Amino acid sequence: MSMLSATLERIGAGGVYMFPILALGGVMFALVLLRLFRLAYFLRDLRRIEQSGHNAIMDSIWLAGIAHQYVESRSGIPELDADLSEKLGTVLVRRMATSGGGILLCASLSTLCGLLGTVSGMISSFHSMQEQGVHQMEAMAAGISEALITTQSGLVIGVCGVILGRFLASMTRSLRLKVADYCLHLEQAIANGEGALS
């Protein structure tokens with residue numbers, strides 16, 4: 001028996017609750033990949049600016065947007081401009097972290113669907129015991145198998161989602177520090193009259 005046919009047989013044995021569990025897992029992993037690509041792209045831009053200086057800012061869509069908004073909105077009062085640069089950085093980081101709630105929601109829902117499949121499988125098992133008696137173990141085993149497969153699948157997807165969600169949140173927090181540092185350099189460069197940012 002090939003691995004694919006064994007996997008499909010196991011999914012079929014899990015019952016109807018396997019389909020929402022697998023769909024939630026697919027959506028969750030798509031959100032993880034989307035967020036990873038965004039973070040990697042942004043971190044690459046930050047590294048390029050750190051290596052080549054602030055003249056590379058306009059090559060980054062993300063950072064050029066902050067620089068443009070800062071230049072357009074600055075007041076010339078250092079305290080207000082410092083607050084403005086922090087707020088622009090925070091807005092950018094929030095935009096980068098938009099899929100975080102969706103990842104954790106999919107993880108929670110897949111776990112709950114797994115538990116719902118557990119209850120459904122146990123009800124099926126007890127129903128078969130009631131109709132066919134305690135001596136018909138095959139019918140009872142199918143219900144227990146459904147219960148265990150959905151529980152396992154929901155928990156695996158849920159645990160992966162929580163771990164990946166926490167990892168991405170940690171990356172976003174470190175990114176927030178880098179953006180704050182960038183905004184500080186941006187503010188200093190503009191205050192010193194460097195024309196490369198305007």
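V93 sits in helix α4, which spans residues 78–96. In this predicted model, V93 has 1% relative accessibility, so the residue counts as buried. The cut-off for buried is under 20%. What does V93 touch, once residues up to four places away in sequence are set aside? The partners are T172, L175, R176 and V179. Take T172 from that list. In sequence, V93 and T172 lie 79 residues apart. In space, their C-alpha atoms are 7.1 Å apart.

Now step back to the whole chain. The protein has six helices and zero strands. Along the sequence the pattern reads α-α-α-α-α-α. Of the 198 residues, 35% are buried, and V93 is one of the buried residues. How do the contacts spread along the sequence? Take contacts between residues at least 6 apart; 76% of these join residues at least 24 apart. The contact of V93 with T172 spans 79 residues. The accessible surface of the protein comes to about 11,500 Å². Carbon and sulfur atoms account for 65% of that surface.

Confidence varies along the model. Mean pLDDT for the protein is 79. A value of 70 or more is reached by 86% of the residues. Which element has the lowest mean pLDDT, and which the highest? Helix α3, residues 61–73, has the lowest mean, at 73. Helix α5, residues 100–132, has the highest, at 88.

Helix α5 is the next stop. L109 belongs to this helix. Is L109 buried, partly exposed or exposed? Its relative accessibility is 35%, so L109 counts as partly exposed. That class runs between the buried limit of 20% and the exposed limit of 50%. L109 can be paired with I157: the two are 48 residues apart in sequence, and their C-alpha atoms are 9.6 Å apart.

Turn to helix α6, where L155 is placed. L155 has 42% relative accessibility and therefore also counts as partly exposed. Its pairing leads back to S108. L155 and S108 are 47 residues apart in sequence. From C-alpha to C-alpha, the distance between L155 and S108 is 9.1 Å.

F19 gives another case. This residue lies in helix α2. At 55% relative accessibility, F19 counts as exposed, because the exposed class starts over 50%. F19 and T150 are 131 residues apart in sequence. The C-alpha separation of F19 and T150 is 9.9 Å.

Finally, consider the empty space. Rolling a probe the size of a water molecule over the atoms shows where such space is left. The largest pocket has a volume of about 170 Å³. Which residues line the largest pocket? The lining consists of T7, R10, I11, M18, L22, Q152, S153, V156 and I157. Three elements give two or more residues to this lining: α1 (3–13), α2 (18–52) and α6 (137–191). Of the elements, α6 gives the most, with four residues. By type, the lining divides into five nonpolar residues, three polar and one charged. I157 has come up before: this lining residue is the one paired with L109 at 9.6 Å.

How values were computed. Residues numbered from 1 in each chain as written. Predicted model: local features only at pLDDT ≥ 70, side-chain atom pairs only at ≥ 80, totals over all residues. Heavy atoms only, no water. 1 Å grid on protein atoms, 1.4 Å probe; cavity = no way out; pocket = protein on both sides within 12 Å on 5 of 7 lines; lining within 4 Å. Points joined across faces, edges and corners; volume = space filled by probe spheres on them. Nonpolar A, V, L, I, M, F, W, Y, C, P; charged D, E, K, R; others polar. pLDDT = per-residue confidence, 0-100. Buried < 20%, exposed > 50% of the residue type's maximum accessible area, 1.4 Å probe, protein only. Contact = heavy atoms within 4.5 Å. Areas by Shrake-Rupley, 256 points an atom, 1.4 Å probe, with all protein chains shown as cover.
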